[in-house]
Amino acid sequence: MKVYVLVPAAGLGRRMGASLNKQYLTLADRPILAHTLALFDGHPRVDGIYVISPADEVPFCRREVVERYGFVKVLGLVAGGAERQDSVRNGLRACAAEAEDIVLIHDGVRPLCPPVCIDTAIDTASRVGACVVGVPVKDTIKEVEGGMIQGTPQRQRLWQAQTPQAFRYGLIRDAHERALAEGWLGTDDASLVERLGLPVAMVTGDYRNIKITTPEDLLLARAFLASSEGTAR
Ligand SMILES: Nc1ccn([C@@H]2O[C@H](COP(=O)(O)OP(=O)(O)OP(=O)(O)O)[C@@H](O)[C@H]2O)c(=O)n1
Ligand SMILES: C[C@](O)(CO)[C@H](O)COP(=O)(O)O
């Protein structure tokens, strides 16, 4: 069984509001995306990585990130699509995996994932077929419509989904193709498997494994990295 990683990094980072796509913003001494790729390039159980980049940024990403930082496990750069789901599907179509191999999908802008979460995701997906790394929510969550609270879901049942999300390749490839055929758009990959009624495990991740989405996330990531708790490299 081989392990492949798809790294979607084809978003435009609108919520970050920077002039440069956020995956190329500097965190400590290198682009965010270089930190993320290092997590997998240096992981002994990973066989190959595909980086998914905006079509017109593929040469820049290859030169400024993959070649510049010497990543040796990157098997290909793939052009992304309009939505994250389109980008991941393009990556799945390009991936050389066999049906029983494990594919991890990890956001290019989550540079602080501890290696133990990668191991847990691989082991759990090998057993169950599909798994999500996540953390229990800390705040009380409200459902709101038109400025008015509609309900308060039981917090004990609520988890924040992070990445990596790990799957048997055949399972996630088929789930993505079915979602496309049926016009279904999800905000993560696991939801495409859940909608088919198939089991997906949740495994405990790490509160430092943040997705860099808005400017304050960059401040947090810098603080985590600067502290001895930073786990990026
Ligand atoms: N069409 C897209 C959209 C997103 N992503 C990637 O999916 C990850 C999570 O997406 P998000 O944080 O929402 O990034 P953006 O879409 O870039 O942000 P925004 O929604 O603020 O524009 C990021 O690594 C992003 O590059 C992608 O590969 N293709
Ligand atoms: C996949 C994900 O990172 C899990 O939290 C998230 O759903 C991506 O969402 P976004 O809409 O691309 O920010």
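# A tour of the sheet, its helices and two ligands

Start by selecting helix H1, residues 32-41: nine of its 10 residues are buried, so the helix is largely enclosed by the rest of the structure. Buried here means under 20% relative accessible area, exposed means over 50%, and partly exposed is in between (1.4 Å probe, protein chains only). Helices (H or I, at least four residues) and strands (E, at least two) are DSSP runs, numbered from the N terminus. Color the buried ones: Ile-32, Leu-33, Ala-34, His-35, Thr-36, Leu-37, Leu-39, Phe-40 and Asp-41.

Before you move on, know that you're looking at a predicted model, where local features need pLDDT of at least 70, side-chain atom pairs count only at pLDDT 80 or more, and totals for chains, interfaces and linings use all residues. Residues are numbered from 1 along each chain as its sequence is written, chains are lettered from A and ligands numbered from 1 in the order in which they are written, and side-chain values use heavy atoms, with hydrogens and water left out.

**The sheet**

Now show the strands. Seven of them make an open sheet with mixed pairing, in the order S5-S4-S1-S6-S10-S7-S11. Two strands pair if DSSP finds at least two bridges between them. At the edges, pairing on one side only, are S5 (74-79) and S11 (201-204). From one strand to the next, the twist averages 25°. Angles run from 0 to 180 degrees between N-to-C directions, and the axes are lines fitted to C-alpha atoms, for helices over the stretch in contact.

Zoom in on S7 (residues 130-136) and S10 (residues 159-168): they run antiparallel and are joined by six bridges. Click Ala-130, and you'll find Phe-167 of S10 opposite.

Next, pick Pro-136, also in S7. Is this residue buried or exposed? Somewhere in between: Pro-136 is partly exposed, with a relative accessible area of 30%. Its C-alpha atom is 4.2 Å from that of Trp-159, although the two residues are 23 apart along the chain. Beyond its neighbours within four places in sequence, Pro-136 is in contact (heavy atoms within 4.5 Å) with Leu-158, Trp-159 and Tyr-207.

**Two helices across the sheet**

Select H4 (residues 115-128). This helix lies across S1, S6, S7, S10 and S11, at about 60° to S10. Then add H5 (residues 169-181), which lies across S6, S7 and S10 and runs at about 115° to S10.

**A little hairpin**

Jump to S8 (residues 143-145) and S9 (residues 148-151), an antiparallel pair with three bridges. Glu-145 has Met-148 as its bridge partner. Two residues sit between the strands of this hairpin, and Gly-146 in the turn has a positive phi of about 55°.

**The ligands**

Show ligand 1. How many residues surround it? There are 18, and the closest are Gly-13, Arg-14, Arg-15, Lys-22 and Ser-87; a residue counts if one of its heavy atoms lies within 4 Å. Look for polar contacts too (pairs of N or O atoms within 3.5 Å; within protein, one must be able to donate a hydrogen and the other to accept it, and residues adjacent in sequence count only if both atoms are side-chain atoms). A backbone N or O atom of Pro-8 is 2.8 Å from an oxygen atom of ligand 1. Alone, ligand 1 exposes 560 Å², and the protein buries 90% of that. These areas come from the Shrake-Rupley method with a 1.4 Å probe; for residues, only the protein chains shown count as cover.

Finish at ligand 2, where the surrounding residues include Arg-15, Asp-107 and Thr-163. A polar side-chain atom of Lys-211 lies 2.6 Å from an oxygen atom of ligand 2.
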